[in-house]
Amino acid sequence: MQIIITKSSQELAYCAAQHVRKVLEKNANAVLGLPTGTTPITLYKQLVHDYQNDKISFNGVTTFNLDEYVGLPPDHPQSYRSFMNRHLFDHIDIELSRTHVPSGTGTSTETAQTYEAQIKAADGIDLQILGIGRNGHIGFNEPSSSLGSRTRVKTLTTATLIDNKRFFHTNEFQPTMAITMGIATILESRELLLIASGSSKAIAVRAMIEGSISSSCPASALQQHAKVTIIVDQEAAALLSHPEYYQRVRSETEKLREQERVK
Ligand code: F6R
């Protein structure tokens, strides 16, 4: 795991966007896995800014979103399809037909199987970007999710329902279930990039990085993946036991890479 601790959420977005840029520089036809939520909004803003300044193109890119609310049609303002269009897809040169969000209104088993098949047909995900819930969820794999799970419908925990209530008007229908890529689906991606910001994530971030691998903290499953970058701001990193070590690993790895580039 490479752990990057940034001074601010703005620097976090910049670092994460730089990471995405590097992946697309190597492979203009990369397949990206994408999250929704508050944390990626500044990352998406940075990517839109980079696109507008000719630093990045999404022309050949294919995307798969992690999840969608069950019961919300794609054109619902709170659906994750609407979120993605509003924050990213409408502002970059991506072909909409290459952007995938699981259907929240289809038959669940069929939708899940179709989604898995679509990911496979695209030859898998090159870079999966993730956020993390206060309770350690990734996608909507809530605590107690099987570490071997595939795309399926999950019931949202009360903590997640409370956290996401802010997106819905009073008396507006708030879905209590979501269709989400499974943990095994996520771990099959060739590379993972998780971003977390703010003190409300500090306990989950510590459990993910320094806790034992357990379905009680689904994000701890990332410890099993060979290529993971975690970018957290100082507030989210506040409870980590070894921040100095993570910083040193980063600077020494960069030095080594630089020396190899010069050779
Ligand atoms: C949503 C998703 C979730 C969020 C998590 C954090 O697509 O994958 O796991 O990443 O709930 O959300 P924010 O960023 O709103 O704190």
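# A tour of the cavity, the ligand and the pockets

The lining of the largest cavity has eight nonpolar residues, one polar residue and no charged ones. To see this lining in the viewer, which shows a predicted model, select Leu-32, Leu-34, Leu-47, Phe-58, Thr-63, Leu-88, Phe-89, Ile-92 and Ile-94. The space they line amounts to about 40 Å³. How many cavities of 30 Å³ or more does the structure hold? There is one.

**Next stop: the ligand**

Select the ligand and show the residues around it. The shell consists of 14 residues, and the closest are Thr-39, Asp-67, His-137, Gly-139 and Lys-201. Colour the shell by class to find three nonpolar, eight polar and three charged residues.

Now turn on distances from the oxygen atoms of the ligand. Three side chains are worth picking in turn:

- Thr-36: an N or O atom of its side chain is 2.8 Å from a ligand oxygen.
- Thr-39: a polar atom of the side chain lies 2.5 Å from an oxygen atom of the ligand.
- Lys-201: here the distance from a polar side-chain atom to a ligand oxygen is 2.6 Å.

Then switch to a surface view. The ligand taken alone exposes 410 Å², and the protein buries 92% of that.

**The pocket that holds the ligand**

Which pocket does the ligand sit in? It sits in the second largest pocket. About 570 Å³ of space lies in this pocket, and 29 residues line it. To find its centre, select Gly-37, Thr-38, Thr-39, Ile-132 and Lys-201, the lining residues nearest to that point. Helix 1, helix 2 (39–52) and helix 5 (158–164) are the elements that give two or more residues to the lining of the second largest pocket. Highlight helix 2 in particular, since it gives the most to this lining, with four residues. Coloured by class, the lining of the second largest pocket shows 10 nonpolar, 14 polar and five charged residues.

Thr-39 and Lys-201 deserve a second look at this point. Both are among the residues closest to the ligand, and both are listed among those nearest the centre of the second largest pocket.

**Last stop: the largest pocket**

Leave the ligand and move to the largest pocket, which has about 870 Å³ of space. Its lining comprises 25 residues; select Gln-2, His-19, Lys-22, Glu-191 and Arg-257 to reach those nearest its centre. Which elements each supply at least two residues of this lining? They are strand 1 (2–6), helix 1 (9–26), strand 10 (228–233) and helix 8 (243–262). Helix 1 was also on the list for the second largest pocket, so keep it highlighted while moving between the two views. By class, the lining of the largest pocket divides into nine nonpolar, six polar and 10 charged residues.

Notes
Residues are numbered from 1 along each chain as its sequence is written. This is a predicted model: local features need pLDDT of at least 70, side-chain atom pairs count only at pLDDT 80 or more; totals for chains, interfaces and linings use all residues. Side-chain values use heavy atoms; hydrogens and water are left out. A residue is near a molecule or strand if one of its heavy atoms lies within 4 Å of it. A polar contact is a pair of N or O atoms within 3.5 Å; within protein, one must be able to donate a hydrogen and the other to accept it, and residues adjacent in sequence count only if both atoms are side-chain atoms. Accessible areas come from the Shrake-Rupley method with a 1.4 Å probe; for residues, only the protein chains shown count as cover. On a 1 Å grid over the protein atoms alone, a cavity is a set of points where a 1.4 Å probe fits but cannot get out, and a pocket is an open set with protein on both sides within 12 Å along at least five of seven lines; lining residues have an atom within 4 Å of a point. A molecule sits in a cavity or pocket if more than half of its atoms lie within 2 Å of its grid points. Ala, Val, Leu, Ile, Met, Phe, Trp, Tyr, Cys and Pro count as nonpolar, Asp, Glu, Lys and Arg as charged, and the others, Gly among them, as polar. Grid points are joined across faces, edges and corners, and a volume is the space filled by probe spheres set on the points.
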